[in-house]
Amino acid sequence: MDSISLVEPNFITLSEFKSALTFGDGITSQIKNLTPKFLLRGITEIMYKNWDLVLSNLWISVEQLTDFIWNNLYLDNPKYHPSTDIAGRKSSMKDDNRTWSTSVKQELLYQNSIFTEEIISKLHPARKARNKLVHEGKSVSKSVALDLYVGVKLLLEKASGIDNLELIDISERPDSWDRETSNFEVEYFRNWGVDKK
């Protein structure tokens with residue numbers, strides 16, 4: 001079995017790794033409150049089909065992205081507020097997380113066309129599943145977990161202003177997230193950071 005695995009080894013070149021790291025850093029550096037480790041853990045758990053952990057980790061990213069969009073695309077945009085400032089109104093909407101919960105923020109973002117129908121349709125079932133997981137211990141379905149991944153991708157696009165982020169497209173390979181083969185030749189040692197002699 002080891003010999004079969006060695007015929008097409010699973011590897012990533014240093015240049016591919018650096019390129020992915022730079023691309024990801026470019027996005028996360030724009031979204032100051034996003035903690036990348038939960039995003040990474042959630043996506044990693046998709047590979048292992050741990051749907052409960054996919055949802056648990058990605059939902060943290062959803063809440064962070066929702067807050068970012070709420071603060072930067074809604075609260076900071078004058079078109080969504082009275083022309084005469086009302087003292088304490090915006091600060092209440094920013095700081096009072098009991099009144100302005102994530103679900104309320106998402107609904108208002110949708111009603112004001114900041115969230116699309118596709119975004120809200122991916123987030124709503126995941127929020128319900130997350131509550132059932134936390135309060136009742138109910139397992140999360142594969143479809144809800146994978147839809148949440150799509151929702152997170154859409155939120156990342158909205159928050160970063162980058163259309164069509166190049167994340168893994170789960171619709172193309174729903175049962176296998178194996179990497180495509182890298183452009184790599186064993187004899188070409190520049191891929192390892194050493195020039196061929």
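This report walks through the helices, the core and a few side chains of one predicted protein model.

Some ground rules come before the tour. Because this is a predicted model, local features need pLDDT of at least 70 and side-chain atom pairs count only at pLDDT 80 or more, while totals for chains, interfaces and linings use all residues. Residues are numbered from 1 along each chain as its sequence is written, and side-chain values use heavy atoms, with hydrogens and water left out.

**The overall layout**

The protein chain has eight helices and zero strands. (Helices are DSSP runs of H or I with at least four residues, strands are runs of E with at least two, and both are numbered from the N terminus.) Reading along the sequence gives α-α-α-α-α-α-α-α. Of the 197 residues in the chain, 32% are buried. Here buried means under 20% relative accessible area, exposed means over 50%, and partly exposed is in between, using a 1.4 Å probe and protein chains only. A contact means heavy atoms within 4.5 Å. Among contacts with a separation of 6 or more, 63% link residues 24 or more positions apart.

**The core**

Now for the inside. A nonpolar core is a set of buried Ala, Val, Leu, Ile, Met, Phe, Trp, Tyr and Cys residues joined through side-chain atoms within 4.5 Å. The largest one holds 41 residues, and F115, L148 and L156 touch the most other members. Helices α3 (36–47), α4 (51–75), α7 (117–136) and α8 (142–160) each put in at least two residues, with α4 giving the largest share at 12 residues. If you leave out residues up to four places away in sequence, F115 touches T66, I69, Q106, L109, Y110, I120, L123 and L155.

**Two helices side by side**

Two packed helices are described by the angle between their axes and the distance between the axes. For α3 and α8, the angle is about 145° and the axes are 11 Å apart. (Axes are lines fitted to C-alpha atoms, for helices over the stretch in contact, and angles run from 0 to 180 degrees between N-to-C directions.) On the α3 side, L39, I43 and I46 make the contact, and on the α8 side it's L146, Y149, V152 and L156.

**Aromatic company**

Searching the whole structure turns up three aromatic pairs. One of them is W70 with W100, a tilted pair at 5.8 Å centre to centre and 35° between the planes. (Rings of Phe, Tyr and Trp, using the six-membered ring of Trp, pair if their centres lie within 6.5 Å; planes under 30 degrees apart are stacked, over 60 edge-to-face, and the rest tilted.) W70 sits in helix α4 and W100 in the loop between α5 (89–95) and α6 (102–111), so the pair ties together parts that are 30 residues apart in sequence. Both W70 and W100 are buried, and they form one aromatic cluster with Y74 and Y80.

**Three loop residues**

Finally, here are three loop residues with polar contacts, meaning pairs of N or O atoms within 3.5 Å; within protein, one must be able to donate a hydrogen and the other to accept it, and residues adjacent in sequence count only if both atoms are side-chain atoms.

| Residue | Loop | Relative accessibility | Polar contact of its side chain |
|---|---|---|---|
| T13 | between α1 and α2 | 5%, buried | side chain of S15, 3.3 Å |
| H81 | between α4 and α5 | 11%, buried | backbone oxygen of Y74, 3.0 Å |
| N97 | between α5 and α6 | 48%, partly exposed | side chain of K105, 3.3 Å |

Leaving out residues up to four places away in sequence, H81 touches Y74, L75, R89 and K90.
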